[in-house]
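Work through the following exercises with the sequence and the coordinates at hand. Each task is followed by a worked solution.

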Amino acid sequence: MSNQLTVVKPRSWPGAAFWWRVLRWSALLAVLGWVHVQYREPIAILAGWTPGLLASFLLNIVMGLVAIAVATALGMALGIVQCSPHRRRATVARQLTLLLRNAPWLVAVFYVMYLVPYEVRLFGQYVFLVDWLKAAIGIGVPAAGYMSEIVRGGIRSIPLQQWEAANALGLDRRQILRRVVLPQALRSMTPPWMSLYCIVTLSTSLGNILGVEELMTSISLRLAGETRPDLLLPAHAYTFIVFFVYIYPISRVSRRLEKKWSLKE
């Protein structure tokens, strides 16, 4: 027989964090159960609308991608010019950035919608510009002001020694930006860029005011054909849930990248 003693560890009880998690999930399940009982018929109607509504939400996603592309292109140019050694150019870029950042997004969308023609001529052929495309461009223009600040902050975060070392190797300013500074600044620029994409995608609902058939417009058209006032709140809650399910994971990834890369600095 072995003379070794067996030490029995005392049972560890769950801590406060565990019980707080259980309480939160219990409260959530209770709320969902109450909502299901109170709005059973509206939920069934919304479930039948889901295929068409998700198809409309796909347009919101496309509009968000176009808008962030416009914002990235314009913002990169403005942000780089803000860091220009030429004081006059930097001042003009700074003032334009402030103008775009403080411009109401809805006003910008209105201007783009009504000032941009319905068709343009490219390579001898006329190309029709659909309403959702113009609305996306209108959202991307003021967002370029925020992107400009992101780029300026990313460039300024690179130590001056990097510029001096690259200059000592015989690189001009454009080569330094393209080969040395911007590749390093992308890491600090990516999390805020992802956050800006979330904001831009949420702002695509402004297309509802201009008749673009995105998610909000699709829900409004369906509600107009119904005579049930109890559908109003569940329908808008449905819109909130759809946007939340799409946006929240992106925002979480953005925060994780920001924390991860900030710890390595």
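The exercises below concern a predicted model and go from its overall make-up to helix packing and the nonpolar core.

**Exercise 1. Describe the secondary structure and the overall burial of the protein.**

Solution. Begin with the elements: the protein has 9 helices and 2 strands. Next, place them in order along the sequence, which gives α-α-α-α-β-β-α-α-α-α-α. Then turn to burial: 33% of the 265 residues count as buried. Finally, take the contacts with a separation of 6 or more; 74% of them join residues 24 or more positions apart.

**Exercise 2. Characterise the packing of α2 against α7 and classify its angle.**

Solution. Locate the helices first: α2 spans residues 40-82 and α7 spans residues 173-203. Their axes lie 11 Å apart, at an angle of about 140°. Angles over 145 degrees would count as roughly antiparallel and 65 to 115 as roughly perpendicular, so α2 is oblique to α7. The crossing of the two helices is right-handed. Now list the contact residues. On α2 they include Ile61, Leu65, Ile68 and Met76; on α7 they include Leu182, Met189, Trp193 and Tyr197. Sorted by class, the residues of this contact are 13 nonpolar, 4 polar and no charged.

**Exercise 3. Which residues form the contact of α2 with α8, and how do they divide by class?**

Solution. Start from the geometry: the axes of α2 and α8 (residues 215-224) come within 7 Å and cross at roughly 145°. From α2, the contact takes Trp49, Gly52, Leu53, Ser56, Phe57 and Asn60. From α8, it takes Leu215, Ser218, Ile219, Arg222 and Leu223. By class there are 6 nonpolar, 4 polar and 1 charged residues. Asn60 also belongs to the contact of α2 with α7.

**Exercise 4. Identify the best-connected members of the largest nonpolar core and the helices that supply it.**

Solution. The core holds 50 residues. Those touching the most other members are Ile155, Ile176, Val181, Leu196, Val200, Leu215 and Ile219. Next, trace the origin of the core: α2, α4, α5, α6, α7, α8 and α9 each supply at least two residues. The largest share, 12 residues, comes from α7. Compare this with the earlier contacts: Leu196 and Val200 take part in the contact of α7 with α2, while Leu215 and Ile219 take part in that of α8 with α2. As a last step, follow Ile219 beyond its neighbours within four places in sequence: Ile219 is in contact with Leu53, Ala235, Tyr238 and Thr239.

Terms used
Residues are numbered from 1 along each chain as its sequence is written. This is a predicted model: local features need pLDDT of at least 70, side-chain atom pairs count only at pLDDT 80 or more; totals for chains, interfaces and linings use all residues. Side-chain values use heavy atoms; hydrogens and water are left out. Axes are lines fitted to C-alpha atoms, for helices over the stretch in contact, and angles run from 0 to 180 degrees between N-to-C directions. Helices (H or I, at least four residues) and strands (E, at least two) are DSSP runs, numbered from the N terminus. Angles under 35 degrees count as roughly parallel, over 145 as roughly antiparallel, 65 to 115 as roughly perpendicular and the rest as oblique. A crossing is left-handed if the near helix is turned anticlockwise from the far one by less than a right angle, and right-handed if clockwise. Contact means heavy atoms within 4.5 Å. Ala, Val, Leu, Ile, Met, Phe, Trp, Tyr, Cys and Pro count as nonpolar, Asp, Glu, Lys and Arg as charged, and the others, Gly among them, as polar. A nonpolar core is a set of buried Ala, Val, Leu, Ile, Met, Phe, Trp, Tyr and Cys residues joined through side-chain atoms within 4.5 Å. Buried means under 20% relative accessible area, exposed over 50%, partly exposed in between (1.4 Å probe, protein chains only).
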